[in-house]
Amino acid sequence: MVNAARPDPDALLRAATRAGQGRLKVFLGAAPGVGKTYEMLGDAAAQRLTGVDVVVGVVETHGRADTEAQLQGFEVIPRAVVPHRGQSLAEMDIDAILHRRPALVLVDELAHTNAPGSRHDKRWQDVEELLTAGIDVWTTLNIQHVESLNDLVASFTRVRVRETVPDRVLDNAEIEVVDLPPDELIARLKAGKVYVPQEAARALGHFFSKSNLSALRELALRRAAQTVDAQMLEDLRASATVGAWAVGERLLVAVGANPAAPEVVRAGKRLADALRAPWTAVHVETARERNAASAAQLADAMHLAVQLGGQVLSLSGSSVVEGLADAVADTRATMLVVGKPQPRRWPWQQRLHIQPLARRLPGLSLHVVQTVAPAPGGKCALPKVPAMPTGLVPGLAATALVTIVGRAIAVAGNNITNVALLYLLPVLLVATRYGLLTGVVTGLVATLAYNFYFIPPTGTFTIADPQNFITVGVLLLVAVVASQLTARLRAQALLAARNARQSAALAGFARRLNGISEPDELARALCGEAARLLDARTVLLLPGVEGLAVRTGEPADCHLELLDHAAARWSFDNGQPAGRGSSTLTASEWLFTPLAASNRALGVFGVARPDATLPVRPDQLPLLGSLVDQSALALQRIQLESEAAGIRTLEERDRLRAALLSSVSHDLRTPLTAVLGFLRALTPLDEEQREILGLARAEGERLQRFVSNLLDMVRVEAGAIALAIEPVDLAEAVASAVQDLRGAIADRAVQIDIAADLPLVMVDPRLFHHCLINLIENAVRHGGMNGPIIIAAIIAAGRRNRELELTVLDSGPGLPAGMESLVFETFTRLEGSDRKGGTGLGLAIVRGFCTAMGLEVVASNRPDATGACFTIRFPESHLRTVSEDA
């Protein structure tokens, strides 16, 4: 249990994690039309006036004039065009925002579903990526799109929305409720400020009724209040501030291991619903031994609490009162719900367990639930005959032994007082070993034995001398008190020993994890240790090529059914427990818990009982959580070490490759230049020599281009490219590249389709010439022998306004599906395609030079015919008209 006198380490860790991320602000509304977007734009305009760098990622005005007016003056990031089934859909361009990197970006409609083919399925996932990059995000959301409230909203509006946002997205967000009274919203709807008149009339008769709007308004206000309350508690834990801070009700329901526990849980749930307050079911585990029946009753009660939507908490304590006090301090509860058994015969028995709580927790509201536990079978049960206390036989034997020794002492010294002290020994002995009840019974027997054998008249239970009444009474009182104190010490010792064993097991497990460097070894260690400590079957699933797969289990032949795999998949995807003992897919006999580190699920750990009962007892949940958390951190360490080793290998390989390329290219360039100069100087004597010299010169020039490519690749990877940007005419640049390749092109048909009125492009002429040489040579080498090579340029409406596209098309077999981007990798040759020949450098140099000049190059297959298509895209900022250049 967290000590309220010091900061909560988990809260501090979560705060440190959020420190490097952007901040999220949600403008939350009860329904469409309340003015969320308008309010967001107004606040953003005020931020912009103070010097904050604000851009608009996506804002939907829905044709509302006042919202469009608010949008004026903002920098709007153009949307990306996503092709889908022959149509072009516009979505938020997350890459452009990350490249622009503003201080604040406005993203409307958080629950929006992105077009198929986008990087993320949902817009809230785009927002999470922006936040991770350190960019602040303001967004809008309607209350019906909150995942946890989806069913509740559908129950009274009869409308179920399919686009939802997980509640965790709102947990760390600043929420501003944009509120509008129902009458005003209905008036806006009738005035056509929300929907067109036909849709407005239909909406008024269904979703936008006054009762629905009032209920949605209440939900929005309550959800915002819950988020603020949770954030306040997080800050209190991080700063170690004490006190309940009862600005809102928070309930704690005490659950015991008895048949009345479900009644208390249901009463706590009803009270929480009436107060609209969060609630937690807590059980305090003491050293008192519990039988199998009471353990099953406790497990059922805690499972019921989970099903009813409450949180569960299990902790150890020296007493129930002290444990509940710790739970109240940790949860900042304002009300404690406890159960009171059916009325006893004596009033003091009814107040016995209530008064200590009231004294220990002053100022806390106690809600006492009168419970009547049903008898088995639903009938009135007869009073049970108390069972004989455990350890009574050893107690009686010890008392008999003391009696024999006392008789010997009495005969020898006639000292009855000393004999009375001896009878305390068996009381202390059995109370220490067997508990309070055995000690009290033994003390009573010892008192009677002392009276029978040593107080005159001996042999009877009669006390002749009134002074001996005091001796007998003191002996009995001392025996009871000693039994109680000894039993309490025994209970505390047992509890401390159990906690020590658990701590030692966790410490040993942590040391073992430190020496593990393979996922399989970690899986075996986790499953084996958890199976031993929890006395259950265990299994670990890790993600692979085909999804989640069983890595290992204990025993090794553990088999998961289809439902079990579904529960494991849900737990991995949602980062929450699933299966029996949770609130999701409870039909599975396994309880799956995600192994999560850095807010990312790394695997799933499953626990089950051979007898298909509850997998983990409530008192074992902290132990399970510790095992899973330690394993998740170890698994993350193993993955990071593997990635670091891979990065070091890549860096060393790149360094060696760059050194080799530089050495080879420089060593080849000097002799190659001399050879080409000699070949050009030779004069052929006849036609045969002319053909041989021509072939030698062509091959020499091709080798020279290869060496130049090597040098260019070294410069690209070293980042040593010096740019000399100037306006270039595309037609002249293409004609120059074709002329330089006339020997390689030979009799191949080259079709150039570049209009004379196209704007000039701002590029480095030398680098751009290299790009054209490599693209055209690639088309000659791999573009087939029949069709022509087509070089065309057009003005297109691209993802970022107007852009010019220069394409090189061939007539070869084309590129393998899904491998289009790999052709630009260094030394990549695609086996099984028309790109498997060559050195694999030319296209890599094209991409490197284009990137250096701010251009984009992509590869694809021709949509109109067989063949490959390579496109260089010039953004609008790289275009210059002749008048602008003049």
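Tutor: Let us start with a term: a contact means heavy atoms within 4.5 Å. Our structure is a predicted model, in which local features need pLDDT of at least 70, side-chain atom pairs count only at pLDDT 80 or more, and totals for chains, interfaces and linings use all residues. Residues are numbered from 1 along each chain as its sequence is written, and side-chain values use heavy atoms, with hydrogens and water left out.

Student: What share of the contacts between residues at least 6 apart in sequence join residues at least 24 apart?

Tutor: In this chain, that share is 69%.

Student: What makes a residue count as buried, and what part of the chain does that cover?

Tutor: Buried means under 20% relative accessible area, exposed means over 50%, and partly exposed lies in between (1.4 Å probe, protein chains only). Of the 886 residues in the chain, 42% are buried.

Student: How do you know where a helix or strand begins and ends?

Tutor: Helices (H or I, at least four residues) and strands (E, at least two) are DSSP runs, numbered from the N terminus. On that basis the chain has 29 helices and 26 strands.

Student: Why is strand 10 called mostly covered?

Tutor: Strand 10 spans residues 279–285, and 7 of its 7 residues are buried. One side holds Trp 279, Ala 281, His 283 and Glu 285, while Thr 280, Val 282 and Val 284 lie on the other, and all are buried. As a general point, side chains in a regular strand alternate between the two faces of the sheet.

Student: What makes strand 9 and strand 10 a pair?

Tutor: Two strands pair if DSSP finds at least two bridges between them. Strand 9 (residues 251–254) and strand 10 run parallel and are joined by 4 bridges, so they meet the definition. Ala 254 has Val 282 of strand 10 as its bridge partner. Strand 10 also pairs with strand 11 (residues 311–316), in the parallel sense over 6 bridges, and there Glu 285 is partnered by Ser 316.

Student: Why are strand 19 and strand 26 said to stand at the edges?

Tutor: The open sheet has 3 strands in the order 19-21-26, with antiparallel pairing. Strand 19 (726–728) and strand 26 (879–880) each have a single partner strand, so one side of each lacks a neighbour in the sheet.

Student: What makes the buried residues of helix 18 line one face?

Tutor: In helix 18 (residues 424–434), the buried residues are Leu 424, Pro 426, Val 427, Val 430 and Ala 431. Seen down the axis, they fall within an arc of 160°, so they line one face; the arc is that of the directions from the helix axis to the C-beta atoms. On the other side, Leu 425, Leu 429 and Arg 433 are exposed.

Student: How do you know that Cys 771 and Cys 850 form no bond?

Tutor: A disulfide is a pair of cysteine sulfur atoms within 2.5 Å. The sulfur of Cys 771 is 4.0 Å from its closest cysteine sulfur, in Cys 850, which is too far for a bond. The disulfide count comes to 0. Cys 771 itself has 0% relative accessibility, so it counts as buried.

Student: Why is Asp 535 called exposed, and Glu 109 partly exposed?

Tutor: Asp 535 has 58% relative accessibility, so it counts as exposed. Glu 109 has 29%, so it counts as partly exposed. Phi of Asp 535 is near 55°, a positive value in a residue other than glycine, and phi of Glu 109 is also near 55°.
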